[in-house]
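Q: Please take one part of this protein and go through it closely, strand by strand and then side chain by side chain. After that, set it in its surroundings, in enough detail that I can follow it on the screen.

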Amino acid sequence: MEDSRYPQARTPEGMVSSAHYLASQAGVWMLRQGGNAVDAAVTTAATIAVVAPHLNGIGGDVFAQVWPPGAMSPVGLNASGRSSFGATIERVREAGHVTVPLLGPLTITVPGAVSAWAVLLERFGTRRIFDCIQPAVDYADHGAPVTAKLAGSIARSRSLLERDHSFRAIFFRKGEPLEEGDVFVNRDLGASLREIGTSDGEAMYRGELARLLAKGIQQAGGMITEEDLAAHRPEWVEPLTTEFSGRTVFELPPNCQGITALEMLNLAEELDVARLAHNSAEYVDTLARAMHIAYEDRERYITDPAFFQAPVETLISKPYARRRLSRPAPEALLGKASDTIYLCAVDAEGMGVSLIQSLFMGFGSGVMAQGTGIGLQNRGAFFSLDPEHTNSLQPGKRTMHTLIPGMASTGGRLELVFGSMGGDAQPQIHLQMLLNHYVFGMEIQQAIEAPRFVFAPSKDGTSRILLESRFPSEVADHLSTLGHDVDIVEGWSSSMGHAQAIRLDRETGLRLGAADPRGDGAALGY
């Protein structure tokens, strides 16, 4: 391993790790105010929704796991939003589409993030939303710095953002995109956050703010109505598990792709990847085989369980992994990249929170409801217009979701809180991080910094591997001889995802935090 870019963070009391240093700082501020890990996580989530608008926002969704102090397992939360109750395949086809578009108003689903903050605080927190959003409101009202990552995203999304007056007013100056070191302000978002805070989240779904959101979506050509917003409810769910390297790994059930990560872990264990040299061509090729199989099952089975019940317990079982490997390599469809944030928090009492929040792609749908400052997600792009497809578009349905917050325990005690942005590739990143840490013995910061790859199979039979340039050149050459199309990506690229994690060290009592240099994150504590 090359030297770490970031030191291994260690603190004795509480810690927060997120994809933006200002958000991590806000979360630690809440811990120091006497808040617990859930209070800190919501503070961090609200802040990062303002300072990293190219990765997430309050117009998106949230999934989370919470490990209460003294508990033997975590509680899961699915706060993903549904399609409009007026959404149909015919309606999208009548608009001239043969598939669901990737961007635009027809991709907007109900935003669930604020509902997640509300129910997390109600059940586990000690503060109100109003208290937790104060740093976010300050940055919205008075300005946040444009990082190099944000500047690059604004430039790449220029044509999308220029079409929307509200986006243009925030991220352009004198007709040109903001650059690194500039400051952007979103006072409309600050006002919306204050409404959300004083109403404990209700304003996002009922009342004047909800009316403005629905009006903005419909004026843009979308399908979400006030009634759709008012009908939204987040759902408490039981996490799914598998045993891996002596630990219990927890992921969330469908409609998210948590079972894909668990299946990959089982397949990797069955393939005995521990016997291979770390990040060798054989190692990458073997993991790619496991990934290919798991993604084929994802394509076949994952959607809203209210519409289709996947054989979840079978898919995440060890015997199934064994049987699956005896079959020919399947075809799988993959390739929707996304921009997302993952954050985690652990407090002095040992409560842990694993939370992931996203608009899906960059600035989401490219629609911002005028007067709200809220950019709206394009998560509905995952729906299929094939009525026979498991994940076909139907009224009031949650689409297959990429967001997966992770946890791991030993002996019924929380040990690791982890996750990553990365769209479709999130299960791959979970797999590589856990192998690095638990199988190859890397500290958690090293496990995140280690060179990564992303496997992207497609239905045309090709197998494409994105490989960080930090891999030796002979690895890429050998992978090519094994039949893979290899694309070299610059080292520390965001296309490899950015991950965060916190480990509870039971021997010392310290919290060991890690943040990914591929993003703007930081692991901070006290």
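A: What follows takes one sheet and the helices that lie across it, and then turns to a second sheet, a loop residue and the cavities.

The model is predicted, and every value below is computed from it. The sheet to look at is an open one in which 7 strands follow the order E1-E22-E21-E17-E16-E11-E10, with antiparallel pairing. Strand E1 (9–11) and strand E10 (240–244) stand at its edges, and since each has a single partner strand, one side of each is left without a neighbour in the sheet. From one strand to the next the twist averages 20°.

Within this sheet, E21 makes a good starting point. Strand E21 spans residues 499–504, and 5 of its 6 residues are buried, which leaves the strand mostly covered. On one hand E21 pairs with E17 in the antiparallel sense over 5 bridges, and in that pairing Phe-418 stands opposite Ala-501 of E21. On the other hand 5 bridges join E21 to strand E22 (residues 511–515), again with the two strands running antiparallel, and here the bridge partner of Ala-501 is Ala-514 in E22. Ala-501 can therefore be used to step across the sheet, since it stands opposite Phe-418 and is also the bridge partner of Ala-514, where pairing of strands is counted from such bridges. The strands E21 and E22 also form a hairpin with 6 residues between them, and Gly-509 in its turn has a positive phi of about 80°.

At the E10 edge, 5 bridges join E10 to strand E11 (residues 247–251), and these strands run antiparallel. One pair to look for there is Leu-240, whose bridge partner in E11 is Glu-251.

Two helices can then be placed against this sheet. Helix H13 (residues 258–270) lies across E10 and E11, running at about 20° to E10. Helix H17 (residues 426–439) lies across E10, E11, strand E16 (406–410), strand E17 (413–420) and E21, and its direction is at about 135° to E17.

Met-433, which lies in helix H17, shows this packing at the level of a single residue. With 2% relative accessibility, Met-433 counts as buried, the cut-off for that word being under 20%. Leaving aside residues up to four places away in sequence, Met-433 touches Phe-418, Gly-419, Ala-447, Ile-448, Ala-499 and Gln-500. Phe-418 thus appears twice in this account, as a contact of Met-433 and as the residue opposite Ala-501. Between Met-433 and Ser-420, which are 13 residues apart along the chain, the C-alpha atoms are separated by 9.6 Å.

Elsewhere in the model there is another open sheet, in which 7 strands take the order E9-E4-E3-E13-E12-E2-E23 with antiparallel pairing. Its edges are strand E9 (235–237) and strand E23 (522–525), each with a single partner strand, so one side of each has no neighbour in the sheet. The twist in this case averages 15° from one strand to the next. Strand E2 (residues 15–18) pairs with strand E12 (residues 339–346) in the antiparallel sense over 3 bridges, and Ser-17 stands opposite Cys-344 in E12. Helix H2 (residues 37–51) lies across E2, strand E3 (61–67), E12 and strand E13 (352–360), running at about 155° to E12.

The loop between strand E4 (75–79) and helix H3 (89–94) holds Ser-84, which at 3% relative accessibility counts as buried. Apart from residues up to four places away in sequence, Ser-84 touches Met-223, Ile-224, Asp-228, Pro-395 and Gly-396. Although Ser-84 and Ile-224 are 140 residues apart along the chain, their C-alpha atoms are separated by 5.0 Å.

Finally, the structure holds 2 cavities of 30 Å³ or more. The largest has a volume of about 150 Å³, and of the 18 residues that line it, Ala-49, Pro-53, Leu-189, Gly-373 and Gly-375 are the closest to its centre. H2, helix H9 (165–171) and strand E15 (374–375) are the elements that give two or more residues to this lining, which by class has 12 nonpolar, 6 polar and no charged residues. The second largest cavity contains about 80 Å³ of space. Of its 14 lining residues, those closest to the centre are Ser-83, Leu-106, Met-223, Phe-383 and Leu-393, and the lining divides into 9 nonpolar, 5 polar and no charged residues. Met-223, named here beside the centre of that cavity, is also among the residues that Ser-84 touches.

Technical notes:
Residues numbered from 1 in each chain as written. Predicted model: local features only at pLDDT ≥ 70, side-chain atom pairs only at ≥ 80, totals over all residues. Heavy atoms only, no water. Helix = DSSP H or I, 4+ residues; strand = E, 2+ residues; numbered from the N terminus. Axes fitted to C-alpha atoms, helices over the stretch in contact; angles between N-to-C directions. Contact = heavy atoms within 4.5 Å. 1 Å grid on protein atoms, 1.4 Å probe; cavity = no way out; pocket = protein on both sides within 12 Å on 5 of 7 lines; lining within 4 Å. Points joined across faces, edges and corners; volume = space filled by probe spheres on them. Nonpolar A, V, L, I, M, F, W, Y, C, P; charged D, E, K, R; others polar. Buried < 20%, exposed > 50% of the residue type's maximum accessible area, 1.4 Å probe, protein only.
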